[in-house]
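Grab a pencil and work through these exercises with the structure open beside you. Try each task on your own before you read its solution.

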Amino acid sequence: MEEQIKQESYKNVIDQALKTFANIIDAKDKYTNGHSMRVAVYSRELARKLGLSEEEQERIYYIAMLHDIGKIGVADGILNKPGKLTPKEQEVIRNHPRIGGEILKDFTSLPGICEGARYHHERYDGTGYNEGLKGEEIPFYARIICVADSYDAMAADRCYSRGLDAETIKKEIRSNMGTQFDPEIAAAMLELMEEGKVPIFVDIPCK
């Protein structure tokens with residue numbers, strides 16, 4: 001019993017620590033506040049829909065929570081620039097997965113967390129960044145986070161814009177199956193939408 005209490009206490013510490021890091025990441029980017037936690041929830045729901053074990057569902061939840069940690073290494077002036085980014089600034093933004101992978105490379109107690117950050121912007125057809133991985137070369141968890149991340153980018157209300165409607169999002173997901181998204185994972189997201197399991201609604205105050 002004492003050992004079980006210790007394990008629960010340790011788990012709670014890890015949970016709180018990772019959520020704190022997620023809050024730090026989202027505080028860095030004023031346009032996507034709450035994004036990390038929503039992507040974590042969507043990734044867990046996708047894992048459940050795909051038949052992964054409860055242990056794997058929990059693991060990807062935590063992995064997805066820190067998928068954007070590389071944004072810590074991007075200057076605020078670029079990350080929060082209100083206007084259009086220059087090609088050079090876009091390149092800086094596109095480097096955040098590589099930065100994230102470097103930040104998390106020694107976090108070996110949670111297998112897959114480095115890969116989730118490093119590869120979540122790879123595309124199924126090999127045209128993503130930063131390494132141009134294709135299909136199953138992309139780690140499975142990163143493919144799940146890619147779909148969850150893209151879904152939230154389309155669905156979430158921001159301080160200055162409304163999310164897209166469900167039918168438009170479904171159309172976008174279908175049109176990118178096999179190009180941006182792993183078709184099986186994209187199909188699972190469409191099913192979650194039909195079931196009403198997504199989106200989740202979080203009241204995010206504008207800064």
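**Exercise 1. Work out how H8 passes H10 in this predicted model: which hand does the crossing have, and at roughly what angle do the axes cross?**

Solution.
- Step 1: look at the hand. H8 goes past H10 in a right-handed crossing.
- Step 2: take the geometry. The two axes come within 10 Å and cross at roughly 45 degrees.
- Step 3: put a word to that angle. Roughly perpendicular starts at 65 degrees and roughly parallel ends under 35, so H8 and H10 are oblique to each other.
- Step 4: find who touches whom. H8 brings Phe-140, Arg-143, Ile-144, Val-147, Ala-148 and Tyr-151, while H10 brings Ile-185, Ala-186, Met-189 and Met-193.
- Step 5: sort those residues. You get 9 nonpolar, no polar and 1 charged.

**Exercise 2. Now turn to H2 and H10: how do their axes cross, and what kinds of residue make the contact?**

Solution.
- Step 1: locate the helices. H2 covers residues 35-49 and H10 covers residues 183-195.
- Step 2: read off the geometry. Their axes come within 9 Å and cross at roughly 105 degrees.
- Step 3: classify. The range from 65 to 115 degrees counts as roughly perpendicular, so that is how H2 lies to H10.
- Step 4: list the contact. From H2 come Tyr-42, Glu-45, Leu-46, Arg-48 and Lys-49; from H10 come Ile-185, Ala-188, Met-189, Glu-191, Leu-192 and Glu-195.
- Step 5: sort them. This contact has 6 nonpolar residues, no polar ones and 5 charged.

**Exercise 3. Describe the packing of H3 and H8: what are the angle, the distance and the hand?**

Solution.
- Step 1: recall what to look for. Two packed helices are described by the angle between their axes and by the distance between the axes.
- Step 2: apply that here. H3, residues 54-65, packs on H8 at an angle of about 65 degrees, with the axes 11 Å apart.
- Step 3: add the hand, which is right-handed.
- Step 4: name the partners. Glu-56, Arg-59, Ile-60, Ile-63 and Ala-64 of H3 meet Tyr-141, Ile-144 and Ile-145 of H8.
- Step 5: sort them into 6 nonpolar, no polar and 2 charged.

**Exercise 4. Explore the largest pocket: how much space lies in it, and which helix gives the most to its lining?**

Solution.
- Step 1: start with the volume, about 720 Å³.
- Step 2: go to the lining. It has 27 residues, and those closest to the pocket's centre are Lys-71, Ile-93, His-121, Tyr-129 and Ala-153.
- Step 3: check the helices. H4 (76-79), H5 (87-94) and H8 (140-155) each supply at least two lining residues, and H8 gives the most, with 4.
- Step 4: sort the lining. It divides into 8 nonpolar, 10 polar and 9 charged residues.

**Exercise 5. Look for enclosed space: how many cavities of 30 Å³ or more are there?**

Solution.
- Step 1: count. There is 1 cavity of 30 Å³ or more.
- Step 2: size it. About 40 Å³ of space lies in the largest cavity.
- Step 3: walk round the lining, which includes Glu-122, Tyr-124, Arg-143, Cys-146 and Phe-181.
- Step 4: sort the full lining into 5 nonpolar, 1 polar and 3 charged residues.

**Exercise 6. Hunt for cis peptide bonds: where do Asn-130 and Pro-199 lie, and what is omega at each bond?**

Solution.
- Step 1: remember the background. Most peptide bonds are trans.
- Step 2: visit Tyr-129 and Asn-130, which are joined by a cis bond with omega about 15 degrees. Asn-130 sits in the loop between H7 (113-119) and H8.
- Step 3: move on to Val-198 and Pro-199, joined by a cis bond with omega about 5 degrees. Pro-199 lies in the segment after H10.

Notes. Residues are numbered from 1 along each chain as its sequence is written. This is a predicted model: local features need pLDDT of at least 70, side-chain atom pairs count only at pLDDT 80 or more; totals for chains, interfaces and linings use all residues. Side-chain values use heavy atoms; hydrogens and water are left out. On a 1 Å grid over the protein atoms alone, a cavity is a set of points where a 1.4 Å probe fits but cannot get out, and a pocket is an open set with protein on both sides within 12 Å along at least five of seven lines; lining residues have an atom within 4 Å of a point. Grid points are joined across faces, edges and corners, and a volume is the space filled by probe spheres set on the points. Ala, Val, Leu, Ile, Met, Phe, Trp, Tyr, Cys and Pro count as nonpolar, Asp, Glu, Lys and Arg as charged, and the others, Gly among them, as polar. Axes are lines fitted to C-alpha atoms, for helices over the stretch in contact, and angles run from 0 to 180 degrees between N-to-C directions. Angles under 35 degrees count as roughly parallel, over 145 as roughly antiparallel, 65 to 115 as roughly perpendicular and the rest as oblique. Contact means heavy atoms within 4.5 Å. A crossing is left-handed if the near helix is turned anticlockwise from the far one by less than a right angle, and right-handed if clockwise.
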